[in-house]
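Please open the model in a viewer and keep the sequence panel at hand. The tour below proceeds by selection, with a short account of what is found at each stop.

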Amino acid sequence: MVTTAWTVEDDVDARSGVLADHARGVRWETGFLTTPDGELFVSVHAPTSTVRGAFVICSPILAEAARNYRREVELADRLAGMGIVAARFHHLGAGHSDDAGEITLDGLVADAQMVAAHVRERSSVDTVGLLGTRLGALVAARVHQDHSGAPVVLWDPAVDGAKYTRDLLRARLMTNLKSGATDGGISGLKAELEQGRTVEISGYALTPELYRSLKGVELAALLGTPSGPLSIQEMNGAGRTRREVEALIRQWSAAGHRTASAVVDVDEPWWFGATARMDVQEGQTTAASLVSATVAFVDECLAGRP
Amino acid sequence: MSSTAACGAGNERALWLDGPDGAVHGIVTTPPNPSGQAVLLCPGGWFGTATNRNRLLVRLARRLAATGATVLRLEWHGIGESAGKIDRYELDKPFVADVLAGLDHLQGLDVAAVDVIGVCFGAHTALAAAAEHPDRLRSLMLVSMPVVTAPGGARPNQVTTNELVRLATKRSALSSMADPTVRRLYGRRLRQRLRHRREVRSGAPPQRARGKSVDPRDLPRRLRAVAAAGVPTAVLFGEDDAYYQNFKKLLDGRLGDLAEPAGGLLRVETAAGDLSGFGSVAAQELAIEHAAAWVASQSSRPVRRTGAASEASPAN
């Protein structure tokens with residue numbers, strides 16, 4: 001667990017930090033990965049002995065990233081404890097990584113592919129499992145095409161670009177209620193983006209480039225032909241599984257792959273209370289069930305249990 | 001003054017620092033042309049990672065490093081990449097040990113002086129550390145610091161129940177609420193506010209304010225301790241920040257003798273709009289501009305004798 005006694009290790013190199021938990025045989029290393037487009041901040045949790053597999057965790061972006069941060073840390077730590085190298089990273093243009101022009105879906109995918117290649121090389125595994133949350137699920141789905149047969153885990157995935165964008169614009173409408181700004185509703189905001197203007201949402205920029213890159217994008221199409229185990233954890237207060245998710249699970253099950261799905265009770269929408277503080281408050285509940293379910297699924301996949 | 005050179009991730013390194021509550025993670029930005037100045041950035045509680053909202057602190061760190069400062073941005077134990085665990089942030093329990101770990105690291109480098117900037121919860125924590133160890137830093141800047149004088153007091157970005165009800169009668173709001181999801185979210189917010197009001201009226205500490213209460217004597221006492229030790233301090237608020245009104249009351253009363261021009265030790269700066277939570281890109285830019293100007297103004301100040309650095313680093 002993240003709370004166990006860690007030892008700050010001497011530097012692996014001049015730009016990385018390392019923590020070690022010798023009792024559990026786990027290392028946690030943060031640093032920067034050089035790519036053709038800039039340097040990516042990467043955090044790798046790894047076992048110190050035998051490697052059973054590897055995972056890349058594709059985070060949500062904008063305000064949603066903060067909300068999910070600690071859950072991903074907890075998950076990566078748990079995975080490392082069971083022999084799996086787990087890498088998290090900040091996309092170019094976000095977090096500690098370099099700036100590299102406007103964020104687009106293709107750029108996000110390229111970042112994840114770089115990290116997956118790095119992890120594959122480092123851990124000497126053939127394929128890398130993917131976990132993605134919200135928009136990160138679209139990224140994970142696309143990268144999974146390069147890692148056929150490896151497990152895919154999706155947390156509250158964006159099922160298509162249009163619905164995801166609409167969620168963001170709704171957040172803008174809500175946050176602007178107080179100021180009385182007239183946005184012309186969802187259609188007015190979409191018109192702004194269509195005309196090449198950035199729409200600001202709670203201090204983050206939804207750029208026309210990102211908006212355009214998400215048009216016509218669907219999770220099912222990105223995942224492609226069923227290949228490998230699939231787990232989808234929905235997060236909402238209604239206890240409801242979306243029909244797009246049900247269809248995916250049915251499709252992958254019918255193709256003979258291991259599947260799992262569940263709904264985690266989270267009543268607060270992603271963009272409200274989308275803060276590290278909310279992450280802390282939710283940590284004991286949401287993170288625990290999400291992480292436990294995911295760890296159990298991955299363990300079963302790697303053990304080859306039915 | 002060193003020349004300006006662009007800084008990015010290529011100028012940075014990641015590290016963990018030992019701390020009693022768990023190893024604290026940070027990113028050090030090393031300037032291409034070091035001036036000998038160092039800056040410690042303490043993040044807020046809402047976005048407690050070392051990036052803060054929309055990577056505000058990343059942008060600030062790289063901006064400061066471009067002008068010669070070595071910058072360390074921390075994230076509190078239990079948050080982001082740091083080890084440890086926290087249940088909540090409480091203003092009366094600032095993470096002083098985390099700040100001291102950051103100061104220890106910077107003062108072990110080849111720097112002459114450390115200036116500290118804290119935002120929101122980080123401002124309270126930086127102030128608490130400075131009040132206890134004023135010899136460890138040269139100057140202090142407190143950005144959008146929560147000034148809560150009673151449990152359940154005004155918080156930034158908080159729409160009152162009456163405001164929320166009134167909003168629903170505005171044409172702009174009605175237009176937005178044509179969307180069913182927005183309507184549902186509005187209803188949820190209204191129910192939360194009504195519950196909060198019932199709690200306040202019943203005398204129970206409101207659920208969401210419990211972690212935000214602070215002894216009303218702490219802030220003046222700490223500011224006075226820092227001033228008494230001769231640490232130049234700037235406080236920055238947005239003119240529309242809810243906490244700014246509370247702070248002005250303190251200035252009009254118990255802290256009046258400290259404020260410029262009377263005492264000259266406490267500089268109060270304001271920026272247009274609402275800086276709390278840095279909920280707009282414009283607010284973020286304003287905060288960066290003010291912080292960069294403050295750091296630049298400190299570079300010409302004499303170096304204070306500092307605890308850990310005093311033996312190693314000559315004054316510049």
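The stops that follow cover helix packing and salt bridges in chains A and B of this predicted model.

**Stop 1: chain B as a whole**

Select chain B and colour it by secondary structure; 9 helices and 8 strands should appear. The chain has 316 residues, of which 59% are buried. If contacts are drawn between residues at least 6 apart in sequence, 76% of them join residues at least 24 apart.

**Stop 2: α1 and α9 of chain B**

Select residues 56–66 of chain B, helix α1, together with residues 281–298 of chain B, helix α9. Their axes come within 10 Å and cross at roughly 35 degrees. The crossing in which α1(B) passes α9(B) is right-handed. To view the contact, show side chains for B:Leu56, B:Arg59, B:Leu60, B:Arg63 and B:Leu64 on α1(B), and for B:Gln284, B:Glu285, B:Ile288, B:Glu289, B:Ala291, B:Ala292 and B:Val295 on α9(B). Sorted by class, this contact comprises 7 nonpolar, 1 polar and 4 charged residues.

**Stop 3: two salt bridges in chain B**

Next, select B:Arg136 and B:Asp104, whose side chains form a salt bridge at 2.4 Å, N to O. B:Arg136 is in the loop between α3 (121–132) and β6 (139–143) of chain B, and B:Asp104 is in helix α2 (residues 96–107) of chain B, so the pair ties together parts 32 residues apart in sequence. Which partner is buried and which is partly exposed? B:Arg136 counts as buried, at 10% relative accessibility, while B:Asp104 counts as partly exposed, at 43%.

Move then to helix α7 (residues 218–228) of chain B, where B:Arg221 and B:Asp218 both lie. These two residues are 3 apart, about one turn of the helix. Their side chains meet in a salt bridge of 2.7 Å, N to O. B:Asp218 has a relative accessibility of 10%, and it therefore counts as buried, the cut-off being under 20%.

**Stop 4: salt bridges in chain A**

Turn to chain A and select A:Glu64, A:Arg134, A:Asp167 and A:Arg170, which are joined into one network by salt bridges that share partners. Over all chains, the count of salt bridges comes to 27.

Another of the pairs is A:Arg24 with A:Asp77, whose side chains meet at 2.9 Å, N to O. Where in the chain do A:Arg24 and A:Asp77 lie? A:Arg24 is in the loop between β2 (17–21) and β3 (26–35) of chain A, and A:Asp77 is in helix α1 (residues 63–81) of chain A; the pair thus links distant parts of the chain, 53 residues apart. A:Asp77 is buried, with a relative accessible area of 0%, whereas A:Arg24 is partly exposed, at 28%.

**Stop 5: α4 and α5 of chain A**

Finally, select helix α4 (residues 161–175) and helix α5 (residues 185–194) of chain A, which pack at an angle of about 110 degrees with their axes 10 Å apart. The two helices are therefore roughly perpendicular to each other. α4(A) passes α5(A) in a right-handed crossing. The contact residues on α4(A) are A:Arg166, A:Leu169, A:Arg170, A:Arg172 and A:Leu173, and those on α5(A) are A:Gly185, A:Ile186, A:Leu189, A:Lys190 and A:Leu193. By class, 5 are nonpolar, 1 is polar and 4 are charged. A:Arg170 links this stop to the previous one: this residue belongs to the contact and also to the salt-bridge network.

Note on methods: Residues are numbered from 1 along each chain as its sequence is written. Chains are lettered from A and ligands numbered from 1 in the order in which they are written. This is a predicted model: local features need pLDDT of at least 70, side-chain atom pairs count only at pLDDT 80 or more; totals for chains, interfaces and linings use all residues. Side-chain values use heavy atoms; hydrogens and water are left out. Axes are lines fitted to C-alpha atoms, for helices over the stretch in contact, and angles run from 0 to 180 degrees between N-to-C directions. Helices (H or I, at least four residues) and strands (E, at least two) are DSSP runs, numbered from the N terminus. Angles under 35 degrees count as roughly parallel, over 145 as roughly antiparallel, 65 to 115 as roughly perpendicular and the rest as oblique. A crossing is left-handed if the near helix is turned anticlockwise from the far one by less than a right angle, and right-handed if clockwise. Contact means heavy atoms within 4.5 Å. Ala, Val, Leu, Ile, Met, Phe, Trp, Tyr, Cys and Pro count as nonpolar, Asp, Glu, Lys and Arg as charged, and the others, Gly among them, as polar. A salt bridge is a side-chain nitrogen of Lys or Arg within 4 Å of a carboxyl oxygen of Asp or Glu. Buried means under 20% relative accessible area, exposed over 50%, partly exposed in between (1.4 Å probe, protein chains only).
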